[in-house]
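This report looks at a sheet and at charged side chains, and it is best read with the structure in view.

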Amino acid sequence: MKGVTLENEYAYINEGKVFLKGYLDMPDRQIGEVKRTEEEAFQYFINRYQIAVNKVIQLKSEITEAQNKGSFLTKLTQLRKRLLNFDGIGDFIPLLNTLDEQEDVLRGLIVGNQANNLTIKEALVEEAKEAKEDVDWNIVAEKLQDIKTRWIRTGPVDKPFQEEIETTFREVLDDFYQRRKAFYEEQNRIIGDRMEKYNELVRGAEMLFRMGNWELSFAELKRLQSEWRNVGDVPPKRLKYEFRRFKKLTTLYYEKYCAAKGIQIKIRVDPRVEAQQKMMEEAEQLAEAKDIFASTERAKVMLNDWKNIKVPSHLAVRNVAERFRAACDKIFELSYLMKVVTRKLPNYNYLSEKQQTLTKFREMENIVIRARGELKILIESNEGISQGPDLDKITNSNIQTQKRKLLMKEVILEELRRAAQ
């Protein structure tokens, strides 16, 4: 070749430039220039060829070891493009042949995976069709979300089937969400109509109250109350203000009416609220009883009974619930204290009352110190750590519970300290 000063099977140098000889359908192309000597330039590009060899070997190894082999097709295609433009001296044809062989393997696997994916997605479509017919919107939404997650995790199908299967699945989901949307829109309309009726009744009660003729308007007030009971359900939070306003107006009206008629008013308490009030009073008495172990067994029963009393939020008395919880906490803490004391001192019952109080005080000090340390560790171990909304909620609930129990321990400790003086 005219002008060639250094040449081998794959490359040559001409006029100070390094050329790679053409192969396959590609012409000769310049891959570099001679910086110092021709031999050094030649050797540099021969060494660079080993980089290309290593890339092919590495990709083949990764494909062999990978479970999801189909994901390597793009990487293989990109490496082939790089090899066709790689600046190095060597035989690139075996490297390209290796990539071709690996591509045939990958495409065969992809075809099989796509067929399997189509079968899976067809089954998911049928599962979604069946699930969406359920009448419980929340349950259906959870089922469809689970199906959608599995759909996303399932790989693609062959292109001729891709659009059809995706469209079918989307239509199934859209049908459910459209029906759910229509249902809630209708529910909101109904609730809106009911709220307007409630507001109308409140305005009616206000008008009667302003009239001041308690005896003549009594029948009209009874009618308003009857209508109120028959309006229909709405979310308690939305009705909160109107309920309180209507309740206040009717209560004041009856007070005025009874005063005008000389009637003695007998206050009616909701039996559920009354039951909770009695349980709270009993729990506070049990917390002061001498037989704390008997109190503990009774408190366990009462806690279960308390859960079964469903008092509407607008009737619930927060102070009663807090006092009941505090009384039960005190019973359980005192019960634990007595178990520790009697285990450590078998002769506890033979001690004087003063000695018993001092013993309980000292042991309670140790219990409080341990509880403070455990709470500190719990808080520090969770600071700055996000575990997801559900787990964060559980963790915060645990911390608040431990704080509440520690507070009761400290209350008992203070009571014992005073008694021991």
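## A charged pair within one helix

In this predicted model, glutamate 186 has a relative accessibility of 35% and therefore counts as partly exposed, and arginine 189, at 44%, is likewise classed as partly exposed. Glutamate 186 and arginine 189 form a salt bridge in which the closest N and O atoms are 2.6 Å apart. Both belong to helix 5 (residues 159-211), where a spacing of three residues means that about one helical turn separates them.

## Salt bridges between helices

The structure holds 31 salt bridges, and some of them connect separate helices. Arginine 245 is bridged to glutamate 206, with the closest N and O atoms 3.0 Å apart; this pair links distant parts of the chain, since arginine 245 lies in helix 7 (residues 236-261) and glutamate 206 in helix 5, 39 residues apart.

Arginine 404 forms a salt bridge with aspartate 329, the closest N and O atoms being 2.6 Å apart. Because arginine 404 sits in helix 12 (residues 389-420) and aspartate 329 in helix 10 (residues 318-344), the pair ties together parts that are 75 residues apart in sequence. Arginine 404 is partly exposed at 30% relative accessibility, whereas aspartate 329, at 5%, counts as buried.

## The sheet and its helix

Four strands form an open sheet in the order 1-2-3-4, with antiparallel pairing, and its edges are strand 1 (4-7) and strand 4 (29-33), each of which pairs on one side only. From one strand to the next, the twist averages 30 degrees. Helix 1 (residues 38-65) packs on this sheet and touches strand 1, strand 2, strand 3 and strand 4.

Conventions:
Residues numbered from 1 in each chain as written. Predicted model: local features only at pLDDT ≥ 70, side-chain atom pairs only at ≥ 80, totals over all residues. Heavy atoms only, no water. Pairing = 2+ DSSP bridges. Helix = DSSP H or I, 4+ residues; strand = E, 2+ residues; numbered from the N terminus. Axes fitted to C-alpha atoms, helices over the stretch in contact; angles between N-to-C directions. Contact = heavy atoms within 4.5 Å. Salt bridge = Lys/Arg side-chain N within 4 Å of Asp/Glu carboxyl O. Buried < 20%, exposed > 50% of the residue type's maximum accessible area, 1.4 Å probe, protein only.
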